[in-house]
Amino acid sequence: MGRPTKYNPEYCNVVTKLMKKGHSKLFVAGKLGVSRDTLYEWCRRYPEFSDTIKVGEMMNYAYWEDIGMKAMMGKY
């Protein structure tokens, strides 16, 4: 038996909030106070967390693409 997990379902809200602002999974792990490996373990163990990370990645890409497009058009 290992030690109990620090996982909390509320972390899904934290992930969404941070990643839609363009932050990476590594940044999210740091904000949650866990290693990148722990973040990936939570994705394997908790389907709702994995889904949130996947949606967060899409929001992250959209954030940066929007900034890039604005910059190309001289609006940023």
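**A four-helix chain, from fold to surface**

The protein chain has four helices and zero strands. Helices (H or I, at least four residues) and strands (E, at least two) are DSSP runs, numbered from the N terminus. Along the sequence, the pattern reads α-α-α-α. This is a predicted model: local features need pLDDT of at least 70, side-chain atom pairs count only at pLDDT 80 or more, and totals for chains, interfaces and linings use all residues. Residues are numbered from 1 along each chain as its sequence is written, and side-chain values use heavy atoms, with hydrogens and water left out.

Start with the overall form. The C-alpha trace spans about 55 × 20 × 15 Å along its principal axes. The radius of gyration is 15 Å, whereas a compact globule of 76 residues would have one near 11 Å. That radius is taken over C-alpha atoms, and the globule rule is 2.2 Å times the number of residues to the power 0.38. Of the 76 residues, 29% count as buried. Buried means under 20% relative accessible area, exposed over 50%, and partly exposed in between (1.4 Å probe, protein chains only). Contacts are heavy atoms within 4.5 Å. Among contacts with a separation of 6 or more, 57% join residues 24 or more positions apart.

Now turn to helix α3, residues 36-45. Leu39, Trp42 and Cys43 are buried there. These three lie on the same side of α3, because they cover an arc of only 105 degrees around the axis. The arc is that of the directions from the helix axis to the C-beta atoms. The buried residues of α3 pack against α1 (11-19), α2 (25-32) and α4 (47-72). On the other side of α3, Asp37 and Arg44 are exposed.

Helix α4 also holds a buried residue, Thr52. Its relative accessible area is 14%. Not counting residues up to four places away in sequence, Thr52 touches Cys12, Val15 and Thr16.

Next come the charged pairs. The whole structure contains three salt bridges. Each is a side-chain nitrogen of Lys or Arg within 4 Å of a carboxyl oxygen of Asp or Glu. Glu57 pairs with Lys25, with the closest N and O atoms 2.9 Å apart. This pair links distant parts of the chain: Glu57 is in α4 and Lys25 in α2, 32 residues apart. Lys25 is partly exposed, at 22% relative accessible area.

Two salt bridges sit within single helices. In α3, the side chains of Arg44 and Glu41 meet at 3.0 Å, N to O. Arg44 and Glu41 are three residues apart, so about one helical turn separates them. Arg44 is exposed at 60% relative accessible area, while Glu41 is partly exposed at 31%. In α4, Lys70 meets Asp66 at 3.1 Å, N to O. Here the spacing is four residues, again about one turn of the helix. Lys70 is partly exposed at 35% relative accessibility, and so is Asp66 at 37%. An α-helix has 3.6 residues a turn, so residues three or four places apart point the same way.

Finish at the surface. The accessible surface of the chain comes to about 5600 Å², and 57% of that belongs to carbon and sulfur atoms. Areas come from the Shrake-Rupley method with a 1.4 Å probe; for residues, only the protein chains shown count as cover. Met69, Met72 and Met73 form a nonpolar patch, with about 360 Å² of accessible area together. Patches are made of residues with over 30% relative accessible area and no salt bridge: like charges are joined within 9 Å, nonpolar side chains (Val, Leu, Ile, Met, Phe, Trp, Tyr) within 5 Å. Met73 lies in the segment after α4. Met73 is exposed, at 56% relative accessible area.
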